[in-house]
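Visitor: Please pick a single part of this model and look at it closely. Start with what is hidden and what it packs against, then work outward.

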Amino acid sequence: MEQRLKDSSVPHNLDAEKATLGAILLNWEAVDSVALILRAGDFYTQQNQTVFEAIISLFRKEIRGDTLTLVSELTQTGKLEKAGGVAYISSLTNVVPTSANVEYYAQIVRDLSTRRNLIQISSEIKAESFDESRDYKLILDSAERKIFALADSGQSSPVRSMVEVIPYAIENIQRHFANHEVLTGIPSGYAKLDNMTSGFQNGELIIIGARPSMGKTALALNMMEHIAIHKKIPCGFFSLEMSSEQIGKRLLSQVGHVPSTKLRDGMMNMDELKKLQIAASRCYDKPLCIIDTPNMQLMEIRTISRRLRQKNDIRIIFIDYIGLISTEDPNAPVYDRVSEISKSLKSLARELNIPVVALCQVRRDAEGNEPTLNQLRGSGSIEQDADVVMFIHRDRKKQEDGEMMPVQEAKLIVAKQRNGPIGDVPLLFMSAFTRFENKTSTADMQPIKPMAQSFPPESQNPVQGAGEPSVGASVSIPQSSSMDSMPPFPTVDEMTDM
């Protein structure tokens, strides 16, 4: 069976293809396992592709397949001669004595099909590389996308019948029902929002919109804190506006409940310094990658995201923010550029099968009012491409001395959700820590209290969700953990070199 027909064109093994088809006809139950491995296009010859298509057709009709029913199916569809005729169909069962090794045969066929696809992709890359009129960056992006798509394709097909879709959907529903799962996606840490969305779902593009200085970055970092630091879910954050150092300080202020102004001027007392050190211990070595290159090209974001997904198993990506992403044609109208960005981000979410959360500004006429979908800045395509659109709204109230109110009421307006309800999520904004909290929990507003005891291992000191700091917990800092020993946040160059 391992002997392959010698052909100088492309890799293939006709014996393995015949053995796969013959084993199915000997034991119809084998079609279940083979259908998970192969598609008709994986077979090298057209006649074997036609035979397999007929087998799958019988399977869908719930007709038990054998030589007679297969010949009948091919005759009815007018493809008997294309499949090699009755003599060829009858000969298939003579190739193998048993169906015991059918998955092994199918895997050989799949392996050689992948090799043929690699050869095809290589030929396309070679042809594109000789075209000097094309930007080499576009060629690299195209090549990488094709290779990643082939590597991730597995057994999937872009065209799926309901025979394939419905059983998968039912299995998913049954699993959630059996486990009483409320959240089927990645939790944001905000209770009402998670109840409305069941968490951020794979393949979805989520837009967070607001006027400048309303707290878009703060909210994204609060969510990222919950996801990466508390839940330890690998997370990527593209910061096109702030440096990784600024992001790090924001996180420490949020987690430690130390006013961000004191991190800038260093005017902290001993209690605040201890809280900062505890926050650093909690943030250190968590699965969070920050990429802080300004004005990143859309292609760079896609490339780095693919590598983060492959190397770091990133489960969600945040992008701050859409208006700072550069496209290939900077002279194109704003509408066209934003449309290209939104469609590409939605495509990226589908390709990597993870949620992509992108921040976006809204137009000036939304100042002081609750934003609406038609006020998303730049393009109506954002509203169209996004699966979830939410807006931050709060009053810019100030005290008599001109300082911001320490605690302000705010709300997150879920204005669009393709697969769920819309509505408002009440929040509290703590301006000193640039932090949004669940309004329903008053305990969440209490800062972390520094303790003199030793900080126990993480397994003994579970951390609650976003907006749920440990209050009065017995914690201190391990001797081995110091801010000086912590490595810097990853840079875009380090991501590119992975």
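Guide: In H2, the buried residues are Ala30, Val31, Ser33, Val34, Ala35 and Ile37. Buried means under 20% relative accessible area, exposed over 50%, and partly exposed in between (1.4 Å probe, protein chains only). H2 spans residues 30-37, and six of its eight residues are buried, which leaves the helix mostly covered. Helices (H or I, at least four residues) and strands (E, at least two) are DSSP runs numbered from the N terminus.

A word on the source. The model is predicted: local features need pLDDT of at least 70 and side-chain atom pairs pLDDT 80 or more, while totals for chains, interfaces and linings use all residues. Residues are numbered from 1 along each chain as its sequence is written, and side-chain values use heavy atoms, with hydrogens and water left out.

What covers H2? Its buried residues pack against helix H1 (14-26), helix H3 (46-60) and helix H6 (102-130). Take H1 to begin with. H1 and H2 pack at an angle of about 145°, and their axes are 8 Å apart. Axes are lines fitted to C-alpha atoms, for helices over the stretch in contact; angles run from 0 to 180 degrees between N-to-C directions. From H1, the contact draws on Thr20, Ala23 and Ile24. From H2, Ala30, Val31 and Val34 take part. Contact means heavy atoms within 4.5 Å. By class, the H1 contact with H2 holds five nonpolar residues, one polar and no charged ones. Nonpolar covers Ala, Val, Leu, Ile, Met, Phe, Trp, Tyr, Cys and Pro; charged covers Asp, Glu, Lys and Arg; the others, Gly among them, are polar. Ala30, Val31 and Val34 each appear on the buried list of H2 and again in the contact with H1.

Now step out to H3, one of the helices packed against the buried residues of H2. H3 has a contact with helix H4, residues 67-76. The two pack at about 105°, with axes 10 Å apart. H3 is therefore roughly perpendicular to H4. The angle classes are: under 35 degrees roughly parallel, over 145 roughly antiparallel, 65 to 115 roughly perpendicular, the rest oblique. H3 brings Thr50, Val51, Ala54, Ile55, Ser57 and Leu58 to this contact. H4 brings Thr69, Leu70, Glu73 and Leu74. The classes here are six nonpolar, three polar and one charged.

For contrast, go further along the chain. Helix H14 (residues 298-312) and helix H15 (residues 334-352) pack at about 10°, their axes 11 Å apart. H14 and H15 are therefore roughly parallel to each other. On the H14 side are Leu298, Arg302, Ser305, Arg306 and Arg309. They meet Glu340, Ile341, Ser344, Leu345, Leu348, Glu351 and Leu352 of H15. This contact has five nonpolar, two polar and five charged residues. Set that beside H1 and H2, where no charged residue takes part.

Next, two single residues. Gln361 lies in strand E5, residues 356-361. Its relative accessibility is 13%, so Gln361 counts as buried. Setting aside residues up to four places away in sequence, Gln361 touches Ala210, Pro212, Lys216, Tyr321, Leu376 and Arg377. Gln361 is also 9.9 Å from Ile207, C-alpha to C-alpha, with their positions 154 residues apart in sequence.

Met405 sits in a loop. That loop runs between strand E6 (388-394) and strand E7 (407-417). With a relative accessible area of 29%, Met405 is partly exposed. Met405 and Met430 are 25 residues apart in sequence, and their C-alpha atoms are 8.3 Å apart in space.

Last, the whole chain. The protein chain has 17 helices and nine strands. Of its 498 residues, 47% count as buried. Now take contacts between residues at least 6 apart in sequence: 69% of them join residues at least 24 apart. Back at the starting point, H2 has six of eight residues buried, and those residues pack against H1, H3 and H6.
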